[in-house]
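Subject: Handover of a structure and the findings from it

Dear colleague,

I am pleased to hand over the structure below for your study. Please keep it open while you read the notes that follow it.

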Amino acid sequence: MLFVNAGVKNDDRETIADVSTEEFTRVMVTNALSPLRVIETFKDRVSPSGTIAVMSSGQGSLTNNTNGNYEVYRGSKAALNMFMRQLCRPSSGCAHTAVDGAGLGANRYGAGSA
Ligand SMILES: NC(=O)c1ccc[n+]([C@@H]2O[C@H](COP(=O)([O-])OP(=O)(O)OC[C@H]3O[C@@H](n4cnc5c(N)ncnc54)[C@H](OP(=O)(O)O)[C@@H]3O)[C@@H](O)[C@H]2O)c1
């Protein structure tokens with residue numbers, strides 16, 4: 001299994017309207033781009049029946065965002081979810097599972113048995 005857990009958030013009080021470009025970039029690069037780069041670097045070390053997973057968040061759900069808040073962080077995890085979906089499209093035959101329990105969320109994909 002390859003599991004990418006690293007992630008950051010910005011100040012909770014900081015909205016998309018007042019976040020600096022540097023801080024927005026830090027959160028997006030760390031949470032959305034870097035996990036995919038880690039996967040690209042290490043995916044060949046995972047066996048075909050293994051699992052590659054990233055730590056997402058329930059905050060990344062469009063459906064569940066009924067109260068706003070944490071918008072920069074939410075955007076970064078929503079982007080991560082999209083990139084993982086792109087990596088493992090339902091039509092490609094690999095399993096794709098979004099998990100969100102006890103405050104933890106993960107997107108998981110694997111070849112066949114994940
Ligand atoms: N806490 C929650 O309620 C919650 C809920 C849902 C999802 N999550 C997600 O779960 C994951 C872990 O969250 P946490 O609450 O455990 O956060 P945390 O205590 O702040 O830990 C974050 C970890 O990510 C590492 N990290 C951050 N930026 C990095 C970078 N650029 N390169 C390498 N490592 C980096 C940190 O390393 P250093 O210690 O070296 O800085 C630290 O080990 C994150 O993806 C977060 O979004 C958390």
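Which residues are buried in helix 1? They are V27, N31, A32 and P35. Please bear in mind throughout that the model is predicted.

**Overall arrangement**

The chain contains two helices and four strands. Followed along the sequence, these elements take the order β-α-β-α-β-β. Of the 114 residues in the chain, 23% are buried. Contacts between residues at least 6 apart in sequence were also examined, and 59% of them join residues at least 24 apart.

**Strands 1 and 2**

Strand 1, which covers residues 2-4, runs parallel to strand 2, and three bridges join the two. V4 has V54 of strand 2 as its bridge partner. Between these strands the chain passes through helix 1, residues 21-42, and the resulting β-α-β crossover is right-handed.

**Helix 1**

Helix 1 consists of 22 residues. From its first C-alpha to its last it reaches 30 Å, close to the 32 Å expected at 1.5 Å a residue. The helix bends by about 40 degrees at V29. Its buried residues pack against strand 1, strand 2 and helix 2.

V27, in helix 1, deserves a closer look. This residue counts as buried because it has 20 C-beta neighbours inside 10 Å. Apart from neighbours within four places in sequence, V27 is in contact with V8, K9, N10, V72, Y73 and S76. One of these contacts, K9, is 18 residues away from V27 along the chain, yet their C-alpha atoms are separated by 6.2 Å.

F42 also belongs to helix 1. Is F42 buried or exposed? It is exposed, because 12 other C-beta atoms lie within 10 Å. F42 and I52 are 10 residues apart in sequence, and the distance between their C-alpha atoms is 9.6 Å.

**The loop before helix 2**

Two residues with a positive phi are found in the loop between strand 2 and helix 2, and neither is a glycine. The first to consider is N69, which lies in this loop and has a positive phi of about 70 degrees although it is not a glycine. Y70 is placed in that loop as well, and its phi is positive at about 50 degrees, although Y70 is not a glycine either. Their surroundings can be set side by side. N69 is exposed, with 11 other C-beta atoms within 10 Å, whereas Y70 is buried, with 20 other C-beta atoms within 10 Å.

**Helix 2**

How does the span of helix 2 agree with what its 17 residues should give, and what span is that? At 1.5 Å a residue the helix should span 24 Å; its end C-alpha atoms are 24 Å apart, so the two values agree. The buried residues of helix 2 are V72, Y73, R74, S76, K77, L80, N81 and M84.

V72, located in helix 2, is buried because 20 other C-beta atoms lie within 10 Å. Which residues does V72 touch, not counting those up to four places away in sequence? They are N10, E14, I16, V19, F24 and V27. With V19, V72 forms a pair that is 53 residues apart along the chain, while the C-alpha atoms of the two are separated by 8.1 Å. The contact between V72 and V27 was already mentioned under helix 1.

**The nonpolar core**

Which residues form the largest nonpolar core? There are seven of them: A32, I52, A53, V54, L80, M84 and C88. Strand 2 (51-56) and helix 2 (71-87) each supply at least two residues of this core. The largest share, three residues, comes from strand 2. As general background, nonpolar side chains tend to be buried together in soluble globular proteins.

Several of the residues described above meet again here. A32 is among the buried residues of helix 1, L80 and M84 are among those of helix 2, and V54 is the bridge partner of V4. I suggest locating these residues in the structure as you read.

Yours sincerely,

A colleague

Conventions. Residues are numbered from 1 along each chain as its sequence is written. This is a predicted model: local features need pLDDT of at least 70, side-chain atom pairs count only at pLDDT 80 or more; totals for chains, interfaces and linings use all residues. A nonpolar core is a set of buried Ala, Val, Leu, Ile, Met, Phe, Trp, Tyr and Cys residues joined through C-beta atoms within 7 Å. Two residues are in contact if their C-beta atoms, placed from the backbone, lie within 7 Å. The expected span of a helix is 1.5 Å times one less than its number of residues. Two strands pair if DSSP finds at least two bridges between them. A crossover is right-handed if, with the strands pointing away from the viewer, the path from the first strand over the helix to the second runs clockwise. The bend at a residue is the angle between axes fitted to the seven residues ending there and the seven starting there.
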